[in-house]
Amino acid sequence: MGVLREVIHSPRCELCSLVTAALAEAFGDIDSVPLQYQTPSGIFDENIALHFSAFVQGGGKIGPQLAFSSVSSLLIAAPSHKRHTPGATIAPRYSISIGLLASDFERLPNQIVGPAEALIPINLARADINKARDCFANCRATHGRICEIRRSNANYQTETELAILQHGPELRRPGLLNLLLIDIERMCITAGKPDCEYFALSYVWGRAPFLMLTKENESRLKEEFRLLDEDLPQVFRDAMEVTRIFGVGYLWIDALCIVQDDETRKREQLLQMDEIFESASLTIISADGTNARSGLTRLQPDTRRLSHNIPEFKDIGGLHFAPMPPPLDQVVTSSGLTWHTRGWTYQEGMLSKRVLVFTPHQIYYICNLASCSEGIEFIPGPATRREGVAAIQNHPLYCASDRHSFTARSQFRLRQHWFGYAYMIEDYSRRQFTYGSDILKALVGIVKAMTDPHVERYICGLPASFLEWSLLWQPTEALEYRGCTSSGLRFPSWSWIGWKGGVKMPHLLNPCQLTPTVTSWTFLTPPPDGILPSYTETEVRKLFIPYRPEFTPIEQGMPFQPTQWMTWRDLPAHLGAHNATYRDDPQAFMSRVSQHRENIDAMYPLIETGVLEFTTTSAVFEIESATLAYGYESFPRSTASSFAIRSARDWVGTIHLPLSLARERLKSERTEAEFILLSKTNKTHSTTADDGGRDRDIGQYTFNVNLFAPVDHNRPPALGNVMWIERREGLSYRVGVGQIHLEAWSRAQAKKTKVLLA
C-alpha cells in the first residue's frame, strides 16, 4: 500500500481509512502508531502492506492481515516520534487483521475451504444473550464428554486421548459437601442436590456493602421467594436472569452460598472451591464490573453500553470490511478491567469448563472445543472433522493465540507441571487483595487442581517434589513483606506468598537442570494451638512439629531428581537431639506428631506458614551497589536488576534484587552478605540487555570467565544457586537469590551449617 504516513493521511480512500481504523484499534489510538523505524543503517519511513491469502479456491482464513516493512512487525520508534522514547521497541497489542461482513460471503467468487471468521454488526445497546445460549445448547448437544471433563484432568494431551474421553465412560463429578445454591424458580437459598446442574458467578465485590449470607439471615433467605424482597446487587439479579434464559435452575454466588461469618463452614467451602467451579455447567464472568452493583454490561437496556467505538464497515469493491475485534485475552489483560487484577477471580476463570464473559467490547462464550462472540460468526467450509474432537492445537485450552481464549487457562494443568506452576505464579502474584492474608486462600482451588494425592504436594504455595527449583523465584518489581496470616502467624520469607508484588521463576532454568545439594529437608509447622507472630529458634525447637509432604514423583518428559524429605524413620533421632518435649516423653510426642499430620492433611492445601530445616554450606561474599549491564532473561529492568557478587576483587556471581531493596540494603559501595548453597547447575539466568540471549552463554554475564572455568553443559555443574540470608535470633530469612561459581565457593572455605529458614 505504500508509506504508512501517507496511508493514514488519506481519509478519502476507503481502504486507507479501513487500515487506519485497524491500526488505531491494535495500538490503542492512531497517535501511538510509529511512522518510522530505526536500524543500524539509519531511520526509515514505515511501509504497510495488506496480505490477502484466502480469496482464492482452496484458501484458509478469509481475513486479510496487515504487515510492516520492519522486521517481525516490531516497530522501532525513531528519535523524532512524538509519543515514544527514542530507540524503544513498539509492537501492536495483537495481530492486526480485517474481517469481511458475514452476509457478503455468498458474494465471493470462490468457495471457501475450511472454517472462516466473519464479522456481524453488534447491537450497542443490548447484548445478544440468545446467541450465547444457542452456543451453550449446541455444546451440550454435540460436544459430548470433552466439555464436561474437569479442567484439572491431566488427560487433555493428544487427539487419541480426547477421542477416548469423548466416547469413554460417563464422567461423574465429586460429591460437594454442604453446598448451598440459589433456586432460580423459587428465589431462595437451598441445599444443592447431588448432580443438580448449576451456573456460577465470577465478579468483583468492591468495597460497598451488599447482601451476604450470615448465620443471622440464613433461615430467612431460605424461605421461598424471599430473595424477591431483598436488595440484591445488580450483578446478582443479572446472573439470575442469564441462568433463567439458559434454562438452568440453580446458581452459585459466593456471597449468598457461603455463610460469611461462620469460619468453620466457610473453610469447608473454601477447600472445595476447585470442585465448585469445575462442577458448574458454566461460569458467568462480569469482566468489566467494578463492584457487585455494576451489573452485566448491556444485559439490561438501562445498564452500561459498550465503552469503545465499533469501527464502521467500509464498502470496498462491493464488499464490506471492518477491523477484526481484539482477542478476548487482550481485552481482559489490557483494558484495565478490575476483574483481571483481583486475586479471588483468578481461579474462577481458570477452573471453569465453560465461561460466558461480559466485557466492554462484546460478550464471549468459551467451552473446551469451541468459542463464539457477538461480533464474529464462524463460516463452516465443506471440510469436516470427527464429532466432538478437534485438532488439539485449536482448543481454547491450549491455543494462546485463539481470538476467544484466555492465554493463562491453557497452562495450569500441564503434565510437566513446573511449566504450569511458573505461568501461574507470574500471573497470580501480581493480583490484588483487600486482605493480604487471602493470598493462598484464593488459590486453594488451583493448587488442589494441580495436586494429585499420589503425585504432588504443596507447602506454603511451593511444590514439594522440586523444592530446590521453586525456592529460586525472583521479583519483577518492588516487594513488600505480607506480614501475618489470618491466624496471626507470620508468612515464610522463603515463599513468594509471603510478599506483595510480582514474581516469576527464572526463564532459562527448569528442575531438570538442577543437582540438589541438600540431602534432607524437614518442614516444621506451628502447633494447632498457635504461637506468637514473632518467634525464636528456641520456640521453634520446642513447639514446632514436623510435617512430611508425601508425594510420588511422576514420569516427566524431562525427569528431575525429586526433593529428599526427612523420613519418619529418621525423625525420632532427629527430634531426640533437638526437641526437649520429645526427650521428656517420646511416645506422647510422636502421637502428637501423628495427630498434627492428620490436622494439616485435613486443611491441605491451606498450609500457610512453617520453617524449613536443612543442612548445607554457607560462605560470606560482598555485593556491589552498582547495577550490572546484564539482566535476567525476560525480567523487566526498570524495577529490578542484577548486582555483582565479589570475593575480594574477583567477580564470582550475580544476584537479582528489586531496585528498592538494593537501595535499602546496599548503602555502601560493597555490602557483606552471607549466602547458603541450595543446588548446582550449568544453566545461568543472565543475558546482555541488547543481544536477546543470541550469543552462546558460557557464564560471561554471571561471573568473570577469565578467572573461572566457563559453563560447559557437557561437564559437571559449575554454578551454585545460592540464597542471601539474614540471621536473627537463631533463625534465617531470605533476602534474595543468585548464582556463584562453585570454584569461588570452594575458595571461600564454605562451612557446613544448619539452617532454620523462617
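## Strand S32 and its partners

Glu622 stands opposite Arg646 in S32. Glu622 belongs to the stretch covered by strand S30 (residues 611-627), which is joined to S32 by three bridges and runs antiparallel to it. Helices and strands here are DSSP runs (helices H or I with at least four residues, strands E with at least two), numbered from the N terminus, and two strands pair if DSSP finds at least two bridges between them. S32 also pairs with strand S33 (residues 650-658), again in the antiparallel sense, this time over eight bridges. Within that pairing, Phe643 has Ile655 in S33 as its bridge partner.

S32 and S33 make a hairpin with two residues between them. In the turn sits Ala648, with a positive phi of about 60 degrees. Strand S32 itself (residues 640-647) is largely enclosed by the rest of the structure, because seven of its eight residues are buried. Buried means under 20% relative accessible area, exposed means over 50%, and partly exposed is what falls in between (1.4 Å probe, protein chains only).

## What you're looking at

This is a predicted model, where local features need pLDDT of at least 70 and side-chain atom pairs count only at pLDDT 80 or more, while totals for chains, interfaces and linings use all residues. Residues are numbered from 1 along each chain as its sequence is written, and side-chain values use heavy atoms, with hydrogens and water left out.

The protein chain has 21 helices and 38 strands. Of its 758 residues, 55% are buried. The chain exposes about 32200 Å², with carbon and sulfur atoms supplying 50% of that; the areas come from the Shrake-Rupley method with a 1.4 Å probe, and for residues only the protein chains shown count as cover. Take the contacts (heavy atoms within 4.5 Å) between residues at least 6 apart in sequence: 72% of them join residues at least 24 apart.

## A three-stranded sheet with a helix on it

Another spot to look at is an open sheet of three strands, ordered S8-S16-S15 with antiparallel pairing. Strand S8 (98-100) and strand S15 (314-316) are the edge strands, each pairing on one side only. Neighbouring strands of the sheet are turned by 40 degrees against each other on average, direction ignored. S15 is joined to strand S16 (residues 319-323) by three bridges, and the two run antiparallel. Ile316 stands opposite Leu319 in S16.

Helix H2 (residues 14-27) packs on this sheet and touches S8, S15 and S16; its direction makes about 135 degrees with that of S15. For angles like these, axes are lines fitted to C-alpha atoms, for helices over the stretch in contact, and the angles run from 0 to 180 degrees between N-to-C directions.

## Helix H2 up close

H2 has 14 residues and reaches 20 Å from its first C-alpha to its last, close to the 20 Å expected at 1.5 Å a residue. That expected span is 1.5 Å times one less than the number of residues. The helix is mostly covered, with 10 of its 14 residues buried, among them Cys16, Leu18, Val19, Leu23 and Phe27. Right after H2 comes Gly28, whose phi is positive, near 100 degrees.

Thr20 has its place in H2, and it is buried, with a relative accessible area of 15%. Leaving aside neighbours within four places in sequence, Thr20 is in contact with Val7, Ile8 and Ile30. Its C-alpha atom is separated by 9.4 Å from that of Pro323, although the two residues are 303 apart along the chain.

## Loops worth a look

Ser281 is in the loop between helix H9 (273-279) and strand S14 (282-286). Ser281 counts as buried because its relative accessibility is 6%. Its side chain makes a polar contact with the side chain of Glu197 (3.0 Å). A polar contact is a pair of N or O atoms within 3.5 Å; within protein, one must be able to donate a hydrogen and the other to accept it, and residues adjacent in sequence count only if both atoms are side-chain atoms.

Two non-glycine residues with positive phi also sit in loops. Cys460 has a phi of about 50 degrees, lies between strand S21 (458-459) and strand S22 (462-463), and is buried at 0% relative accessibility. Gln749 has a phi near 55 degrees, lies between helix H21 (742-747) and strand S38 (751-757), and is exposed, with a relative accessible area of 65%.
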